[in-house]
Amino acid sequence: MRLTVKNLSFSYPGKDVLKNVDFNSNHKEFLCVLGPNGSGKSTLVKCIEGLLPTQNDCIFLDNKSITNLNRVEKAKLIGYVSQNNEQLFADTVFDTVLMGRKPYYSWHSSDKDIEVTANVIRHLELEDLAMRPFNELSGGQQQRVIIARALAQEPKLLLLDEPTSALDISHQLEVMEILKNLVKTHDISVIMVIHDLNMASRYADNLVLMKDGMIHSQGSANEILTEENLALVYGVEAEIYCHSGVVSVSPIKRIPSRNKLN
């Protein structure tokens with residue numbers, strides 16, 4: 001499913017956060033959104049998901065506006081994994097994942113809901129944890145379960161806001177591999193907010209780079225992760241390497257404010 005964002009703006013009282021944002025994500029694409037703190041990354045995915053209100057028709061899935069869809073209709077199209085999952089579920093892993101089926105039932109889950117939940121748990125290799133309480137799992141295991149819960153919605157678009165920020169390097173790689181594999185094997189597109197430029201470069205199909213609430217650039221890692229862009233957007237001097245076709249960034253030093261490129 002193709003996502004198109006046209007002229008999206010959003011403001012908190014007294015502060016403009018997003019300013020006429022335009023970008024798109026292709027069908028079955030893993031897209032990472034990059035940018036410094038305060039550039040509007042999290043606000044962007046929250047607007048797409050519907051957690052923050054937007055005005056006019058500015059968000060489209062397959063050229064159809066989603067502005068007037070209700071919460072249940074949106075939940076069948078868009079899954080969302082937030083930056084912090086501080087709520088501790090007393091339920092088992094199976095029941096936590098089953099919660100993702102809520103858009104499809106009111107009081108009682110159906111055989112189809114149970115089947116979808118079991119398939120998602122199997123796909124994310126959570127069978128050994130299925131009957132364990134969610135709040136007894138490690139951080140990495142909990143993150144896999146939260147992603148599984150979002151997948152149980154059977155969305156066409158999965159949004160994630162820094163899902164690896166609290167994980168160690170091994171679990172970061174695990175989550176990125178899971179997401180990359182999902183795009184390959186499922187009819188789903190993934191948009192992920194992330195700070196780690198090298199993780200984004202290694203796993204994403206394309207990148208969006210944000211600065212001051214606007215899209216600075218969009219394209220492949222080779223196109224986006226350049227010394228000039230990193231100086232302009234992050235205010236850092238960095239060396240860029242390419243090994244086996246993968247772009248890597250090695251920060252050297254901050255550029256003093258008076259010398260930043262404009």
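**Pocket lining, helix 5 and two strand residues**

Strand 6 supplies the largest share of the lining of the largest pocket, contributing four residues. The structure analysed here is a predicted model. In this model the largest pocket has a volume of about 360 Å³. Its lining comprises 19 residues, of which Glu-49, Arg-71, Tyr-80, Arg-149 and Gln-153 are the closest to the pocket centre. Two or more lining residues are given by each of helix 2 (71-75), strand 6 (78-81) and helix 5 (139-151). By residue class, the lining of the largest pocket consists of 10 nonpolar, five polar and four charged residues.

Helix 5, one of the elements that give two or more residues to this lining, was examined further. The helix is formed by 13 residues, and the distance from its first C-alpha to its last is 18 Å, close to the 18 Å expected at 1.5 Å a residue. Helix 5 is mostly covered, with 10 of its 13 residues buried. The buried positions are Gly-140, Gln-142, Gln-143, Arg-144, Val-145, Ile-146, Ile-147, Ala-148, Ala-150 and Leu-151. Both helices and strands contribute to the cover over these residues: it includes helix 3 (93-98), helix 4 (111-123) and helix 6 (169-185), together with strand 6 and strand 7 (157-161). Strand 6 thus appears both in the cover of helix 5 and in the lining of the largest pocket.

Two residues in strands were also considered. Ser-217 is located in strand 10, which spans residues 214-219. This serine is classed as buried because its relative accessibility, 16%, falls under the 20% cut-off. The side chain of Ser-217 forms a polar contact with that of His-216, at 3.1 Å. When residues up to four places away in sequence are not counted, Ser-217 touches Leu-207, Val-208, Leu-209, Ile-224 and Asn-229.

Ile-240 belongs to strand 11, made up of residues 236-243. With a relative accessibility of 26%, Ile-240 counts as partly exposed, because this value lies between the limits of 20% and 50%. Residues up to four places away in sequence again being left out, the contacts of Ile-240 are with Leu-225, Thr-226, Glu-227, Leu-230, Val-247, Ser-248 and Val-249. A separation of 46 Å was computed between the C-alpha atoms of Ile-240 and Asp-91, which are 149 residues apart along the chain.

Notes: Residues are numbered from 1 along each chain as its sequence is written. This is a predicted model: local features need pLDDT of at least 70, side-chain atom pairs count only at pLDDT 80 or more; totals for chains, interfaces and linings use all residues. Side-chain values use heavy atoms; hydrogens and water are left out. Buried means under 20% relative accessible area, exposed over 50%, partly exposed in between (1.4 Å probe, protein chains only). A polar contact is a pair of N or O atoms within 3.5 Å; within protein, one must be able to donate a hydrogen and the other to accept it, and residues adjacent in sequence count only if both atoms are side-chain atoms. Contact means heavy atoms within 4.5 Å. On a 1 Å grid over the protein atoms alone, a cavity is a set of points where a 1.4 Å probe fits but cannot get out, and a pocket is an open set with protein on both sides within 12 Å along at least five of seven lines; lining residues have an atom within 4 Å of a point. Grid points are joined across faces, edges and corners, and a volume is the space filled by probe spheres set on the points. Ala, Val, Leu, Ile, Met, Phe, Trp, Tyr, Cys and Pro count as nonpolar, Asp, Glu, Lys and Arg as charged, and the others, Gly among them, as polar. The expected span of a helix is 1.5 Å times one less than its number of residues.
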